[in-house]
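Student: Hey, could you walk me through this one? I'd like to hear about the open and enclosed spaces, and then about some helix packing.

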Amino acid sequence: MLFDTFSLRAINLSNRAVMSPLTRSRAVENNTPNGLMATYYSQRASAGLIITEGTSPSPNGLGYARIPGLFNDAHVQGWKLVTDAVHAKGGKIVVQLMHTGRVSHLANLPTGAEVLGPSSDTCPGEMWTDSQGSQLHTPPREMTEADIAAAIHEFATAARLAIDAGFDGIELHAANGYLLEQFLNANINHRTDGYGGTPEERNRLVLEVVRATAKEIGAERVGIRLSPYGVFNATGPSADVDEQYVTLVKELSAFGLMYVHILDHSAIGAPPVPAKLKADLRVAFSGAFILAGGFDKDSAEQALIEGHSDLIAMGRAFLANPDLIDRMRQNEALNSPDPSTFYTPGPQGYTDYPALAG
Ligand SMILES: Cc1cc2nc3c(=O)[nH]c(=O)nc-3n(C[C@H](O)[C@H](O)[C@H](O)COP(=O)(O)O)c2cc1C
């Protein structure tokens with residue numbers, strides 16, 4: 001099944017293995033994609049679908065060093081290099097729109113940008129900055145309703161620019177503790193206005209971003225990534241999470257989105273997303289379903305055969321194996337990823353993972 005084709009709304013995929021979004025921090029000049037990034041993605045074009053690394057729709061969302069943006073013409077031209085290179089090899093590619101919100105440091109942001117969050121609590125822990133080394137996160141400013149409206153507009157504009165740049169669609173990053181999950185999560189969102197308080201109010205920003213981006217480029221080109229039960233960036237458990245996400249996904253279904261993508265972090269130490277919740281979310285969503293987190297060829301085949309998902313996303317395996325599809329088809333051994341080069345500039349540990357000979 002893994003090597004079967006799949007129609008993802010308007011996009012015809014050559015197989016059901018999706019490359020998970022992977023931040024690689026190679027956008028060294030002004031957060032602008034470049035030829036090296038085009039090489040990296042085109043090496044991996046045999047994936048059924050590539051989801052790019054998290055890409056900010058706003059200067060305020062560029063919280064990590066050297067992550068790409070998608071809010072000006074240079075970004076569009078840079079991403080065109082990538083989409084052209086992937087399409088030339090017959091691949092399909094969507095851009096993951098990631099606003100980092102409070103997971104940020106001012107030193108990583110361009111002049112004039114700000115660290116924003118649903119509430120004023122600082123994200124615990126440190127992050128890397130190129131100019132000052134490892135630093136505590138910058139305290140965020142609590143967003144006003146005008147800030148929220150501006151952020152929604154930025155997502156919609158980025159969706160339009162994504163199509164201009166040649167992407168097949170977008171994925172909204174509402175997982176892993178970035179801005180959209182900061183609003184979803186009861187431990188981070190302490191608002192008492194219409195964007196926080198009840199589960200429905202915490203879901204509101206995500207739904208408004210979905211509505212705005214779908215209006216801009218069509219719901220069939222908008223997917224979304226969610227990570228209930230994630231612990232990354234101080235999200236953590238909350239009491240009514242199952243009901244909140246089932247409600248959310250039912251509403252996403254009504255929009256007719258391209259896909260819902262559920263990430264289970266249990267392979268890296270978070271509590272597992274309960275099988276019942278995954279099944280309930282699959283039922284709640286009438287479109288395509290993607291599962292991610294800790295899959296290999298055999299477990300991916302099994303999940304597809306058992307009907308748990310339509311597509312399976314893999315991260316570290318694609319990172320280290322440009323020809324992962326060939327290797328899985330031929331039952332060849334995989335290269336191991338090297339975490340020391342995950343986020344370092346340059347080709348080492350990026351475009352130099354070997355493909356099979358011949
Ligand atoms: C180096 C690295 C960067 C990542 N960057 C992102 C990202 O930008 N957006 C995202 O949603 N997930 C990101 N993730 C999570 C992956 O998409 C994936 O879900 C995770 O690695 C678990 O899947 P795997 O076991 O197949 O690797 C990242 C993971 C790694 C290892």
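Tutor: Happy to! One thing to keep in mind is that this is a predicted model.

Student: Sure. How much space lies in the largest pocket?

Tutor: The largest pocket holds about 1200 Å³ of space. It is lined by 46 residues, and those closest to the centre are Pro21, Leu22, Ile268, Gly315 and Arg316.

Student: And which elements give two or more residues to that lining?

Tutor: Those are helix α8 (297–305), strand β14 (311–314), helix α9 (316–320) and helix α10 (324–329).

Student: How do the residues of the pocket lining divide into nonpolar, polar and charged?

Tutor: There are 24 nonpolar residues, 12 polar ones and 10 charged ones in the lining of the largest pocket.

Student: Let's zoom in on Arg316. Where is its place?

Tutor: Arg316 belongs to helix α9.

Student: Why does Arg316 count as partly exposed?

Tutor: Because its relative accessibility is 42%, and partly exposed covers the range between the 20% and 50% cut-offs.

Student: What is Arg316 in contact with, leaving aside its neighbours within four places in sequence?

Tutor: Arg316 then touches Leu22, Ala267, Ile268 and Pro337. Leu22 and Ile268 also appear among the residues closest to the centre of the largest pocket.

Student: How far apart are Arg316 and Gly294?

Tutor: In sequence they are separated by 22 residues, and in space their C-alpha atoms are 8.8 Å apart.

Student: Switching topic: how many cavities of 30 Å³ or more are there?

Tutor: The count is one cavity, and the volume of the largest cavity is about 100 Å³. Of its 14 lining residues, Asn185, Tyr229, Gly236, Val241 and Tyr245 are the closest to the centre.

Student: Which helix gives the most to that cavity lining?

Tutor: Helix α6 does, with three residues. Both α4 (179–184) and α6 (241–255) supply at least two. By type, the cavity lining has seven nonpolar residues, six polar and one charged.

Student: Now the packing. At what angle do α3 and α5 pack?

Tutor: Helix α3 (residues 145–164) meets helix α5 (residues 199–217) at about 35 degrees, and their axes are 9 Å apart.

Student: Is the crossing left-handed or right-handed?

Tutor: The crossing of α3 past α5 is right-handed.

Student: Nice. Which residues meet there?

Tutor: On the α3 side they include Ile148, Ile152, Phe155 and Arg160, and on the α5 side Leu205, Glu208, Val209 and Glu216 are among them. The residues of this contact divide into 10 nonpolar, one polar and three charged.

Note on methods:
Residues are numbered from 1 along each chain as its sequence is written. This is a predicted model: local features need pLDDT of at least 70, side-chain atom pairs count only at pLDDT 80 or more; totals for chains, interfaces and linings use all residues. Side-chain values use heavy atoms; hydrogens and water are left out. On a 1 Å grid over the protein atoms alone, a cavity is a set of points where a 1.4 Å probe fits but cannot get out, and a pocket is an open set with protein on both sides within 12 Å along at least five of seven lines; lining residues have an atom within 4 Å of a point. Grid points are joined across faces, edges and corners, and a volume is the space filled by probe spheres set on the points. Helices (H or I, at least four residues) and strands (E, at least two) are DSSP runs, numbered from the N terminus. Ala, Val, Leu, Ile, Met, Phe, Trp, Tyr, Cys and Pro count as nonpolar, Asp, Glu, Lys and Arg as charged, and the others, Gly among them, as polar. Buried means under 20% relative accessible area, exposed over 50%, partly exposed in between (1.4 Å probe, protein chains only). Contact means heavy atoms within 4.5 Å. Axes are lines fitted to C-alpha atoms, for helices over the stretch in contact, and angles run from 0 to 180 degrees between N-to-C directions. A crossing is left-handed if the near helix is turned anticlockwise from the far one by less than a right angle, and right-handed if clockwise.
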